[in-house]
Amino acid sequence: PQPSSPCVMSSHCRAQTQPTAQMFAQILVSALAFSAPLARPAGRSAVTMSAGKSASVPFLPQPAGLDGSMAGDVGFDPLDLASKFDLKYLREAEIKHGRLAMLAVVGFIATDFGITAPGAPTGLSSVAAHDVAVEKGAMFVLLFAASVFEVCAGVPAVEQMMKGSDRKPGEFSFDPLNFSKDAASMKKFETNEIKNGRLAMLAFSGMVTQAVLTGHGFPYMY
């Protein structure tokens with residue numbers, strides 16, 4: 001008979017032989033588990049619902065939760081979310097998704113031109129490259145790196161902001177070229193960022209849709 005391992009029935013050994021995928025899944029879940037503080041809606045702004053109309057949707061009243069103090073605020077809140085959720089958290093989410101979308105637009109187009117990251121699959125369209133990157137594991141490396149950054153920097157920063165710190169939504173003190181050297185410059189670039197982020201979120205959705213429908217690379221036309 002074959003000799004049996006002395007740790008076959010040992011719970012300690014079984015724990016040591018857990019697949020690496022489970023460890024990765026635990027890190028990923030912890031990165032995605034942070035959710036908005038829905039139990040503590042933001043208090044309404046000192047600006048009350050006026051008789052005026054929204055600048056962006058003239059047939060709707062001016063939202064009470066939007067007073068124009070935030071960059072890119074043009075009174076667009078048809079679902080009145082600003083009075084139901086914390087406005088700082090909503091702006092944090094908008095800035096984050098806008099930044100990701102801007103990077104995604106550049107990366108999607110770059111892939112069609114054959115520009116890829118080291119270790120990423122080459123010679124593929126942007127749509128095909130996604131599936132191959134998932135199959136080969138390159139996408140999981142990217143997801144792992146983003147999850148680590150989110151756990152170590154993103155979640156703590158948002159938690160501090162929600163607890164009353166003076167941190168502004170989306171702020172990570174990252175300005176190596178000193179664009180925000182004064183208040184006027186800060187306001188200008190904050191507005192530019194939020195507008196370009198909103199455009200990128202719409203653009204990326206359209207680009208992916210066109211790429212799949214047409215089966216062609218940039219500019220994704222028939």
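A pocket, as the word is used here, is an open set of grid points with protein on both sides within 12 Å along at least five of seven lines. With that in hand, welcome to a quick tour of this predicted model. The protein chain folds into 6 helices and 0 strands, and its order along the sequence reads α-α-α-α-α-α. Two helices, α3 (87–112) and α6 (183–214), will come up again and again below.

**The chain as a whole**

- Of the 222 residues in the protein chain, 25% are buried.
- The exposed surface of the protein chain comes to about 15000 Å², and carbon and sulfur atoms supply 67% of that area.
- Looking at contacts between residues at least 6 apart in sequence, 52% join residues that are at least 24 apart.

**The nonpolar core**

- In soluble globular proteins, nonpolar side chains tend to be buried together.
- Here the largest nonpolar core has 7 residues, namely Ala101, Val105, Phe108, Ala200, Met207, Ala211 and Tyr220.
- Both α3 and α6 give two or more residues to this core.
- Ala211, one of the core residues, is in contact with Phe108, Val127, His216 and Tyr220 once its neighbours within four places in sequence are left aside.

**Pockets and cavities**

- The second largest pocket has a volume of about 560 Å³.
- Its lining takes in 20 residues, and those nearest the centre of this pocket are Phe76, Asp77, Leu90, Glu94 and Arg198.
- Helix α3 supplies the largest share of that pocket lining, with 5 residues.
- The model also holds 2 cavities of 30 Å³ or more, and the largest cavity encloses about 40 Å³ of space.
- Lining the largest cavity are Glu94, Ile95, Gly98, Arg99, Met102, Glu193, Ile194 and Gly197.
- The elements giving two or more residues to the lining of the largest cavity are α3 and α6, with α3 giving the most, at 5 residues.
- Glu94 is worth finding on your screen: this residue is among those nearest the centre of the second largest pocket, and Glu94 also lines the largest cavity.

**The loop between α2 and α3**

- Gln62 lies in the loop between α2 (20–32) and α3.
- Gln62 counts as buried because its relative accessible area is 19%, and the cut-off for buried is under 20%.
- A polar atom of the Gln62 side chain lies 3.0 Å from the backbone oxygen of Leu66.
- Asp80 is found in the loop between α2 and α3 as well, and its phi is near 55°, a positive value in a residue other than glycine.

**The segment after α6**

- Most residues other than glycine have a negative phi, and most peptide bonds are trans.
- Against that background, the bond joining Phe218 and Pro219 is a cis peptide bond, with omega about 5°.
- Pro219 lies in the segment after α6, and Tyr220 lies in the segment after α6 too.
- The phi of Tyr220 is near 65°, which is positive although the residue is not glycine.
- Is Tyr220 buried or exposed? Tyr220 is buried, because its relative accessibility is 3% and the limit is under 20%.
- Tyr220 ties this segment to the core described above: Tyr220 is one of the residues in the largest nonpolar core, and Ala211 is in contact with Tyr220.

Terms used: Residues numbered from 1 in each chain as written. Predicted model: local features only at pLDDT ≥ 70, side-chain atom pairs only at ≥ 80, totals over all residues. Heavy atoms only, no water. Helix = DSSP H or I, 4+ residues; strand = E, 2+ residues; numbered from the N terminus. Buried < 20%, exposed > 50% of the residue type's maximum accessible area, 1.4 Å probe, protein only. Polar contact = N/O pair within 3.5 Å; in protein donor to acceptor, adjacent residues only side chain to side chain. Contact = heavy atoms within 4.5 Å. Areas by Shrake-Rupley, 256 points an atom, 1.4 Å probe, with all protein chains shown as cover. Core = buried A, V, L, I, M, F, W, Y, C linked by side-chain atoms within 4.5 Å. 1 Å grid on protein atoms, 1.4 Å probe; cavity = no way out; pocket = protein on both sides within 12 Å on 5 of 7 lines; lining within 4 Å. Points joined across faces, edges and corners; volume = space filled by probe spheres on them.
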